[in-house]
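Reader: I should like a close look at one part of this model, the interface between its two chains. Please describe how the two sides meet and how far the prediction can be trusted there.

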2 protein chains.
Amino acid sequence: MQYFPPALEQLVEQFARLPGIGRKSAQRLAFYILSLPEEDAAAFAQAITQAKAEIHCCPVCQNFSQGDGLCPICQDPKRDAGMLCVVADPKDVAAMERSREYPGVYHVLHGVISPMNHIGPDQLRVKELVSRVSSGEVREIIMATNPDTEGEATAMYLSRLLKPFGVKVTRLAYGIPVGSHLEYADDATLMRALEGRREM
Amino acid sequence: MQYFPPALEQLVEQFARLPGIGRKSAQRLAFYILSLPEEDAAAFAQAITQAKAEIHCCPVCQNFSQGDGLCPICQDPKRDAGMLCVVADPKDVAAMERSREYPGVYHVLHGVISPMNHIGPDQLRVKELVSRVSSGEVREIIMATNPDTEGEATAMYLSRLLKPFGVKVTRLAYGIPVGSHLEYADDATLMRALEGRREM
């Protein structure tokens, strides 16, 4: 037996398909949509259609970009095109940009190598990375995948793949996060911080 | 500085407006939408527009219903129109229907009286309830608002309002939930369960 009218049931199902949203939350969200003024609900639907239609991957760095051309970072002449930061995800570009320190450009892999999930280099934007590096403009590649098993393995794999092109391959430093307490740092982080110690 | 292209930023903002969805979750959901096949994203947008366009309140019971006519429950000739269950929310109708035991019809208030949130009887579907009861068809009104302060106050208010029409007003029984353990029951529930004890 159906407890909600079909159009409402369908909206609940759509929300329930989103990651991390269960059936109860989906109901709550669907009811919220129904409680919105007509134009706000339309704006929501419009935002979905528009994002899907207008957001493409930048043909160079593969980051999400509006329209078909290069993304603003790849277009920016002030960016050092010889310095390439490799990240797993567009979210990571946003995180790096927040630091306002990085002068180079990016390459977004759209994932990490994960044999458990049947994701190999062919499912990622590795081919595009290799062709960028082989063009000779890149001096240094900074691996900025997450410091977890899959991120490490991906960085290691790419490093071996790219070194033959004669580029410098570096990895973001490991260490104690700024503002944290030593006593809460885990063993692996402390060990890495000790290994990476620098003269002051 | 903007880290996401405008159309993506807009989608993130739309998701972040939903209740219980923070900025980080909104990002995750927006990225998920971008990762969907074209037609799935379109179906999502369509579900929102369609639900908003097609779901209206049933003119009798005020429950959500597809189209402009009566809802399926109000239309059903097998339902006892003399027995009226008053609930706060369309979700509560779904919960009652799940029990498959209730033979009567419903009235959805769309909220409870809550002076803190500036919600009085005028903001609820109380006028419609009174006119249904005054028409004389209703024998019994079952108050099924939540057993919390506001639900209780609302039930009490409506009970005083409706008794003059000569109808029987009842309240759902309080007690220990089936399948639970006595040791975890709170004092108030145990007291109510004792008060409401029945001969076996």
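Author: What follows treats the confidence of the model, then the interface, and finally one residue of chain A.

The model is predicted, and its scores are ipTM 0.76 and pTM 0.76. For chain A the mean pLDDT is 89, with 99% of the residues at 70 or more. Among the elements of chain A, the highest mean pLDDT, 95, belongs to strand S4 (residues 104–108) of chain A, and the lowest, 82, to helix H8 (residues 187–195) of chain A. As a general caution, predicted coordinates should not be read in detail where pLDDT is low.

The interface itself may be taken up next. On the side of chain B, 49 residues are in contact with chain A, and 49 residues of chain A take part in turn. Between them the two chains bury about 4800 Å², of which 70% is on carbon and sulfur atoms. Within chain B, the residues that lose the most area to chain A are B:Tyr3, B:Ile48 and B:Lys52, which together account for 15% of what that side buries.

Specific polar pairings also occur between the chains. The count of salt bridges between chain B and chain A is 2. A:Arg17 forms a salt bridge with B:Asp40, and the closest N and O atoms of this pair are 3.1 Å apart. Residue pairs in polar contact between chain B and chain A, with both residues at pLDDT 80 or more, number 12.

Several elements of chain B give two or more residues to the side that touches chain A: helix H1 (6–16), helix H2 (23–35), helix H3 (38–54), strand S2 (64–66) and helix H5 (90–98) of chain B. The largest share of that side, 13 residues, is supplied by H3(B). By residue class, the side of chain B that touches chain A consists of 30 nonpolar, 9 polar and 10 charged residues.

A single position in chain A completes the account. A:Val138 is located in the loop between helix H6 (126–134) and strand S5 (140–143) of chain A. With a relative accessible area of 9%, A:Val138 counts as buried because this value is under 20%. Apart from neighbours within four places in sequence, A:Val138 is in contact with A:Ala81, A:Gly82, A:Leu84, A:Arg132, A:Val133 and A:Val167. A:Arg98, in turn, is 40 residues from A:Val138 in sequence, and their C-alpha atoms are 23 Å apart in space.

Note on methods
Residues numbered from 1 in each chain as written. Chains lettered and ligands numbered in written order. Predicted model: local features only at pLDDT ≥ 70, side-chain atom pairs only at ≥ 80, totals over all residues. Heavy atoms only, no water. pLDDT = per-residue confidence, 0-100. Helix = DSSP H or I, 4+ residues; strand = E, 2+ residues; numbered from the N terminus. Contact = heavy atoms within 4.5 Å. Buried area = accessible area lost by both parts, 1.4 Å probe. Salt bridge = Lys/Arg side-chain N within 4 Å of Asp/Glu carboxyl O. Polar contact = N/O pair within 3.5 Å; in protein donor to acceptor, adjacent residues only side chain to side chain. Nonpolar A, V, L, I, M, F, W, Y, C, P; charged D, E, K, R; others polar. Buried < 20%, exposed > 50% of the residue type's maximum accessible area, 1.4 Å probe, protein only.
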